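Reader: Could you take me through one part of this protein slowly? I'd like a close look at the sheet and whatever surrounds it.

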Amino acid sequence: MIQFKRKTLSLAVAVTCAAVTAGAIASSHREAPNITRHPALDSTDFYAFNSYEQGREDYVTFIANYIPLQDAYGGPNYFAMDPNAHYAIHIDSDGDAVEDLSFVFKFNNMLAADNEGIALPIGPEGEQKMVKVPLKNVGGISADDSSAANFSEMYSLTMVSGDMQTGTRTTLNPAMGDMFKKPLDYIGNKTFTSEAEYARYAESFIYSFSIPGCDDMAKVFVGQRKDPFVVNLGKTFDLVNYVPVEGDSAPGAGDGEGFPGGITQSAMNDDLADKNVTALSIEVPKACVTGEGNGVIGSWTTASLPQARILNPDATFAKPETNGGAMTQVSRLGSPLVNELVIGIGDKDKFSTSHPSADGQFADYVTHPSLPELLDILFKDAVNTTLGTDIETLAPTNFPRMDLVTAFLTGFQGVNQQAMVTASEMLRLNTGIPATPAESQSAFGVAGDDLAGFPNGRRPGDDVVDIALRVVMGRLCYPIPVAGEDTDLGLCTPEDASVGNVPFTDGAPVDASMIDSSFPYLKTPLAGSE
């Protein structure tokens, strides 16, 4: 009977938890009011992990995804990067929450025919005119021949050693060719023949480059990919139109022996299954990014624009506007879900423009989170009435929430905590923990007895939605498996979190089998037309 009541309570809390977090369970797609107006600068997901491609064990991969919710058929212009923006991947090697190394991407785009665009002869002889075409390509494109492309994107890659504003800047160049280029988006199979041919075309845009003072070559790829993030987005926004507790005895068991009526894992629950994204992917030797710290690095991605923008009333492709002033950060992402699940809506734009070193201003959101308290205010009486219980509070009661401080701001000692501990929001990765091969990875990362996964960095196959929901409601107050043994982290106790061991889930599964096992890891994008 006690077990039944616990399950019933778990269901009630799970439903209400998902209801309040409906706007949060979307990784960082459109996560703050202002960034919704700048989709080309919207960082959707950020990954940092020890490379698990065979033979690349001494490398670390960073992937910064931008431009959310791309429909593959989104022509005729598809999804170009903002040529006025600076997109950056920052690395803190010593733990002071200040970047020691940054890789900055700056894009440029051009039309064919000297930036005028391809024109075709239209009309009979004597009345013929050359008229520019409205499309980004006028014929088939392949890895061997892209002459029919009417649009192209290039980018520069700059390494900044030290502070972004005052550090030493070094222009990086591809080992082969004279510039870095970005492939056209996957327009469709009449343009590219087949998925295999698009994959071959895109692969030709993977570049090797050297880093000054680094013995081994790095790699970079920028281009459209299948969005690797999964989430039951539509039903979640519809007042949680499902029961968000695992309905099977184990995820994917298919036995219906979990919570009665609970949602079970299915690819049909992934509302991003038909979406693409644009990935900025870079793989660098570990020795080149760890500096003099303890081998744990903190990292995050930002996008910035010039402070002033004046629209051209007589716009052209080359000059739709004039930009000037200092570069101003408008997007920031380290660990997933922080700006959605933790930061209050009034400060989301402030968080987007802030630096990790200034995160003390957001400390209250972590030490005294509002989400669990909202759950208690809204649903405690209803739960007690339904169950005939007298539960004092549904929210975790350990204040300050050191479990969340550890997860979001400091890292775990002995796992991903840097030698210098500065409370700040970064994605922390221990480069000394060997990568787990794809076939052995747990989608629950550290909580799934896989120290190479989230929150020790983040791999594309880590199920951060389910992990984040459970952590916020007190999962770290219960022992978690470490090296095969249940381990008490000493951050809080089970008595502090009455529902901390509930298997919250949105039913949208993700694991390493859904990701490629070699650079750039994310799968070929979906075709705009079969």
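Author: Here's a walk through the sheet, then the core, then the disulfides.

Keep in mind that this is a predicted model. The sheet is an open one with 5 strands, in the order S1-S2-S12-S11-S10, and the pairing is antiparallel. At its edges you'll find strand S1 (43–50) and strand S10 (207–209); each has a single partner strand, so one side of each has no neighbour in the sheet. From one strand to the next, the twist averages 20°.

Now zoom in on the S1 end. S1 pairs with S2 in the antiparallel sense, over 7 bridges. If you want a spot to click on, try Asp45, which stands opposite Asn65 in S2. Asp45 also makes a nice lesson in how chains fold back: Leu337 is 292 residues away from it in sequence, yet their C-alpha atoms are 9.2 Å apart in space. Leu337 itself sits in the loop between strand S14 (321–333) and helix H6 (338–341). Is Leu337 buried or exposed? Its relative accessibility is 5%, and because the cut-off for buried is under 20%, Leu337 counts as buried.

S2 matters for the next bit too, the largest nonpolar core. That core has 99 residues, and among those with the most contacts inside it are Phe62, Phe103, Phe209 and Val284. Strand S2 (residues 59–71) supplies the largest share of this core, 6 residues. As background, nonpolar side chains in soluble globular proteins tend to be buried together. Take Phe103 as an example: leaving aside neighbours within four places in sequence, its contacts include Tyr87, Ile91, Leu157, Met159, Leu172, Ile211, Ile282 and Val284.

Finally, the disulfides, of which the count is 2. One is formed by Cys214 and Cys288, with sulfur atoms 1.5 Å apart. That link is right-handed, with 55° about the S-S bond. Cys214 is in the loop between S10 and strand S11 (218–226), while Cys288 is in the loop between strand S12 (275–285) and strand S13 (296–311), so the bond ties together parts 74 residues apart in sequence. Cys214 has a relative accessibility of 12%, so it counts as buried.

The other disulfide joins Cys477 to Cys492, S to S 2.1 Å. Its torsion about the S-S bond is about -100°, so this disulfide is left-handed. Both Cys477 and Cys492 are buried. Number the bonded cysteines in sequence order and the pairing reads 1-2, 3-4.

Notes
Residues are numbered from 1 along each chain as its sequence is written. This is a predicted model: local features need pLDDT of at least 70, side-chain atom pairs count only at pLDDT 80 or more; totals for chains, interfaces and linings use all residues. Side-chain values use heavy atoms; hydrogens and water are left out. Helices (H or I, at least four residues) and strands (E, at least two) are DSSP runs, numbered from the N terminus. Buried means under 20% relative accessible area, exposed over 50%, partly exposed in between (1.4 Å probe, protein chains only). A nonpolar core is a set of buried Ala, Val, Leu, Ile, Met, Phe, Trp, Tyr and Cys residues joined through side-chain atoms within 4.5 Å. Contact means heavy atoms within 4.5 Å. Two strands pair if DSSP finds at least two bridges between them. Axes are lines fitted to C-alpha atoms, for helices over the stretch in contact, and angles run from 0 to 180 degrees between N-to-C directions. A disulfide is a pair of cysteine sulfur atoms within 2.5 Å.
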